[in-house]
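Q: I would like to take a close look at a single part of this structure, and I ask for a connected account of it.

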Amino acid sequence: EQVNTEPRFNEGHAHLYVNGVKITRLYSPWVHLSAKHLDEGSNLIEVTLNANDHSEWANEGDHIQATLMLEKK
């Protein structure tokens with residue numbers, strides 16, 4: 001409900017990126033990632049935590065994010 005508003009403590013959403021391209025926003029702990037977003041071989045998957053205004057949340061200057069490599073054969 002608060003997306004595109006001022007940042008508020010403990011509120012926001014996540015952004016999902018595949019190979020540096022933003023795919024979607026996440027509002028729940030799960031997502032279906034279609035194979036159409038993946039290249040053959042290695043793919044970098046990144047999820048960032050974002051405030052209501054889409055700025056990235058950080059802790060002591062470090063962005064809060066998770067990354068993994070996913071192989072498509």
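To set the scene, how much of the accessible surface of the protein chain belongs to carbon and sulfur atoms? After that, please describe strand E1 and its surroundings in detail.

A: The model is a predicted one. The accessible surface of the protein chain is about 5,400 Å², and carbon and sulfur atoms account for 52% of that surface. The protein chain has six strands and zero helices, and its pattern along the sequence reads β-β-β-β-β-β. Along the principal axes, its C-alpha atoms fill a box of roughly 40 × 25 × 20 Å. Of the 73 residues in the protein chain, 21% count as buried.

Against this background, strand E1 may now be considered. Strand E1 comprises residues 13-18 and is mostly covered, since six of its six residues are buried. Its side chains fall into two sets: His13, His15 and Tyr17 point one way from E1, while Ala14, Leu16 and Val18 point the other way. The residues of both sets are buried.

E1 has pairing partners along the chain. With strand E2, which covers residues 21-26, E1 pairs in the antiparallel sense over five bridges. Within this pairing, histidine 15 has arginine 25 of E2 as its bridge partner. With strand E3, residues 41-50, E1 pairs in the antiparallel sense over six bridges. Here histidine 13 stands opposite asparagine 50 in E3.

The hairpin of E1 and E2 has two residues between the strands, and asparagine 19 in that hairpin takes a positive phi near 55°. Asparagine 19 also has a link to another asparagine: its side chain makes a polar contact of 2.8 Å with the side chain of asparagine 43.

Asparagine 43 lies in strand E3. Is asparagine 43 buried or exposed? Because its relative accessibility is 0%, asparagine 43 counts as buried; the cut-off for that term is under 20% relative accessible area. Besides its contact with asparagine 19, the side chain of asparagine 43 reaches the backbone nitrogen of aspartate 39 at 2.8 Å. Leaving aside neighbours within four places in sequence, asparagine 43 is in contact with Val18, Asn19, Leu38, Leu68, Met69, Leu70 and Lys72. One of these residues, Val18, belongs to the set that points from E1 together with Ala14 and Leu16.

Finally, the view may be widened to the protein chain as a whole. Among its contacts between residues at least 6 apart in sequence, 56% join residues at least 24 apart. The mean positions of its 6 positive and 11 negative charges are 10 Å apart.

Key
Residues are numbered from 1 along each chain as its sequence is written. This is a predicted model: local features need pLDDT of at least 70, side-chain atom pairs count only at pLDDT 80 or more; totals for chains, interfaces and linings use all residues. Side-chain values use heavy atoms; hydrogens and water are left out. Buried means under 20% relative accessible area, exposed over 50%, partly exposed in between (1.4 Å probe, protein chains only). Helices (H or I, at least four residues) and strands (E, at least two) are DSSP runs, numbered from the N terminus. Two strands pair if DSSP finds at least two bridges between them. A polar contact is a pair of N or O atoms within 3.5 Å; within protein, one must be able to donate a hydrogen and the other to accept it, and residues adjacent in sequence count only if both atoms are side-chain atoms. Contact means heavy atoms within 4.5 Å. Accessible areas come from the Shrake-Rupley method with a 1.4 Å probe; for residues, only the protein chains shown count as cover. Lys and Arg count as positive and Asp and Glu as negative; His and the chain ends are not counted. The place of a charge is taken as NZ of Lys, CZ of Arg, CG of Asp or CD of Glu.
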